[in-house]
Amino acid sequence: MDERSTRVDVTAWRVAPLSDGFTDEVMRRIDEPVEPSSVDALDLLEPAPDDERLALVPRSSQARTARAPATLGTIALAVAAAILLVLWLARPLPTEAPATSAPTSPAMHVEAGPVEALDRDGIRRVIREQFQPAAKLCYEVLQINDAPRGPGAMQRPYVSPRGRVPLMFAVAREGDRGIVVRAEIGVEPDIDDRTFHECLLAAMRKSVFEGPFSKDPVEIEIHLVFGPDETSLLDDAD
Amino acid sequence: MQPIVRPELATAKEASDVDEREDILAAQVGDPAACRALIARHQRSVGSLLRRMLAGTGLDGQGEDLAQETFLRAFAALPRFDPDGPARLSTWLLTIATRLALQAIERRRIPADEFDDMSSGVHVAADELAPDRARLGEAIATAVGRLPPPYRAVFVLREFHGFEYIEIARSLQIDVGTVKSRLWRARAALQRALKEVDRG
């Protein structure tokens, strides 16, 4: 991508400055409490998303690599994985999700929220212990569904689906625990497969969080990174 | 007033950075003069970013309010800001401003294809510009006004505020690859729009 070929001199676009009384107005309001928002100034001081996102596979194996097509062994593994996934997803919900009006503004990254909200470590623990195993199974099923089939399949190279999938969800308090009241795939997922997305969302909706909780639902966005894992599908590769 | 001379500082930028560090430290303990100095130093860039982000969205009039909001949020969190840390105050402020703008646009929930229709309301401060430059500025404003907000944010941060790719990625919490692709598409769209202006 040649940057020079698309550069445009934009300096001609001038905009009006702020008003003369701007500084005075800010100083007048400086002691006002700041309303909670998904734009958390402190949160924006946190490390870059690259440092924070939850890698489901080792970074070293994320390179696009050609893999052998599905063999009988991998098909059997996939069937087993699919059965495990179905069983896991079919486990009873801790409780029904309450009818709640989820916030409409998008969450930015992993929001810590107000003082009594979920903490990052707690969120990571739930993701790692509850969601991640199921997400790996979702990915395995995707790989198998995506693999070449039919005559000559063994001779055709297979490139595993890979990339980032943003996932947003809202956790609301119910009793002494938090349940997922809304989950959706974020914009521009690198892996655009509806079945895969539904699988991830179903897995997320099953997750149960521990408090403390804020009064309102906490919106959380995580970035899942999927890629071919040459070692074991069920390894923890955090 | 006698200028403060710091012979040990090699450049004006270094001197400015030291001044800013002192202002941040003073503002962290509530010194109003330091707060004013920080506002004075950054209000132009924050205001420009917001005006460009909101141009053509129907929220043009909210630039001033969101600029206030940006500084108020920053001052509320300033005691936790490390002036010696990796984050620059300017980058942090512009990140807050960008997020507030995107949030405001999102709240309006304008479908992407509506931006085309609304961009006719984009204005450019042309009073100091020569006619040709003014026309070019108007064309750029209109073309940028047609960009969907996520593309516009990348474009404005890069082109008008000199953010590095990694800084944009961190500000918008997207991958560097996404930054590059959005920037490339935004520039390509802008070039197409400007060619149309040339032909017209």
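Me: Which way does helix 1 of chain A pass helix 3 of chain B, in a left-handed or right-handed crossing, and how do you know?

Reply: Helix 1 of chain A passes helix 3 of chain B in a right-handed crossing. The word fits because the near helix is turned clockwise from the far one by less than a right angle; anticlockwise would make it left-handed. This is a predicted model, where local features need pLDDT of at least 70, side-chain atom pairs count only at pLDDT 80 or more, and totals for chains, interfaces and linings use all residues. Residues are numbered from 1 along each chain as its sequence is written, while chains are lettered from A and ligands numbered from 1 in the order in which they are written.

Me: Why is helix 1 of chain A called oblique to helix 3 of chain B?

Reply: The axes of helix 1 (residues 22-29) of chain A and helix 3 (residues 63-77) of chain B come within 10 Å and cross at roughly 50 degrees. That angle makes the pair oblique, because under 35 degrees is roughly parallel, over 145 roughly antiparallel, 65 to 115 roughly perpendicular, and the rest oblique.

Me: What makes these two helices count as meeting, and which residues do it?

Reply: Contact needs C-beta atoms, placed from the backbone, within 7 Å. On helix 1 of chain A you've got Phe22(A), Glu25(A), Val26(A) and Arg29(A), and they meet Glu64(B), Ala67(B), Gln68(B), Phe71(B) and Leu72(B) in helix 3 of chain B. By class, that contact has five nonpolar, one polar and three charged residues.

Me: How do you know whether helix 7 of chain B is mostly covered or mostly open?

Reply: Count its buried residues (20 or more other C-beta atoms within 10 Å of their own; 12 or fewer is exposed, in between is partly exposed). Helix 7 (residues 149-159) of chain B has 10 of its 11 residues buried, so "mostly covered" fits. Among them are Tyr151(B), Phe155(B) and Leu157(B). For chain B as a whole, 44% of the 200 residues count as buried.

Me: What elements make up chain B?

Reply: Nine helices and zero strands (DSSP runs: H or I, at least four residues, for helices; E, at least two, for strands).

Me: How confident is the predictor in chain B, and where is confidence lowest?

Reply: The average pLDDT (confidence in each residue, from 0 to 100) is 79, and 78% of the residues score at least 70. Helix 5 (residues 114-118) of chain B is lowest at a mean of 45, while helix 2 (residues 32-54) of chain B is highest at 94. Over residues 112-129 of chain B the pLDDT is below 50. Where pLDDT is low, don't read the predicted coordinates in detail.

Note on methods:
Axes fitted to C-alpha atoms, helices over the stretch in contact; angles between N-to-C directions. Nonpolar A, V, L, I, M, F, W, Y, C, P; charged D, E, K, R; others polar.
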